[in-house]
Amino acid sequence: MAKKVLLFGDIGIDDTVALMYAHLNEEIDIVGVVADYGNVSREDALTNIHYLFNVLNFPAGIPVIGGAEIPLTAEQPTYYPDIHGVHGL
């Protein structure tokens, strides 16, 4: 029986690899993905998830949930597109 996994991430390159691994691993059942800020903004993370779901032919019906936009300190995050790329991928 596959383990049910709710993946939380900013869906930059490292989380993309984790998402692909989980999708291709029969022992993992992705029950949802929560996208929040990190290496990229939450909006970019949500865009990345939908892009990856399309490219990797994820089954329909897996919920995608918008997570945190900023930390609890209310400080605006700084992104580094010169390091992580414009989309973090």
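Trainee: Which strand does I65 lie in, in this predicted model?
Mentor: Happy to start there. The strand β3 covers residues 64–66 and is an edge strand, pairing on one side only. I65 lies in strand β3.

Trainee: Is I65 buried, partly exposed or exposed?
Mentor: Buried means under 20% relative accessible area and exposed means over 50%, with partly exposed in between. The relative accessibility of I65 is 40%, so I65 counts as partly exposed.

Trainee: Which residues form a nonpolar patch on the surface, and what accessible area do they have together?
Mentor: I65 belongs to this patch, along with L6, F8 and V31. In β2, L6 has G32 as its bridge partner. Together, the accessible area of L6, F8, V31 and I65 is about 350 Å².

Trainee: Good, now the sheet. What is the order of its three strands?
Mentor: The sheet is open and its pairing is parallel. Its edge strands are β1 (3–9) and β3 (64–66), and neighbouring strands are turned by 25° against each other on average, direction ignored. Seven bridges join β1 to β2, residues 28–35. The order is β1-β2-β3.

Trainee: Which strand does helix α2 run at about 175° to?
Mentor: Let's take both helices in turn. Helix α1 (residues 13–24) packs on the sheet, touching β1 and β2, and its direction makes about 155° with that of β2. Helix α2 (residues 42–55) lies across β2 and β3, and the strand at about 175° to α2 is β3.

Trainee: Is N48 buried or exposed?
Mentor: N48 lies in helix α2. Leaving out residues up to four places away in sequence, N48 touches I11, V40, H87 and L89. Its relative accessibility is 3%, under the 20% cut-off, so N48 counts as buried.

Trainee: How far apart in sequence are K4 and D29, whose side chains meet in a salt bridge?
Mentor: The N to O distance of this salt bridge is 3.0 Å. K4 is exposed at 60% relative accessibility, while D29 is partly exposed at 28%. K4 sits in strand β1 and D29 in strand β2, and the pair is 25 residues apart.

Trainee: Which residues do salt bridges that share partners join into one network?
Mentor: R42 forms a salt bridge with E43, with the closest N and O atoms 3.6 Å apart. The side chains of R42 and E69 also meet in a salt bridge, at 3.1 Å from N to O. R42 lies in helix α2 and E69 in the loop between β3 and α3, so that pair ties together parts 27 residues apart in sequence. The network joins R42, E43 and E69.

Terms used: Residues numbered from 1 in each chain as written. Predicted model: local features only at pLDDT ≥ 70, side-chain atom pairs only at ≥ 80, totals over all residues. Heavy atoms only, no water. Pairing = 2+ DSSP bridges. Helix = DSSP H or I, 4+ residues; strand = E, 2+ residues; numbered from the N terminus. Axes fitted to C-alpha atoms, helices over the stretch in contact; angles between N-to-C directions. Contact = heavy atoms within 4.5 Å. Patch = residues over 30% accessible without salt bridge, like charges linked within 9 Å, V, L, I, M, F, W, Y side chains within 5 Å. Areas by Shrake-Rupley, 256 points an atom, 1.4 Å probe, with all protein chains shown as cover. Salt bridge = Lys/Arg side-chain N within 4 Å of Asp/Glu carboxyl O. Buried < 20%, exposed > 50% of the residue type's maximum accessible area, 1.4 Å probe, protein only.
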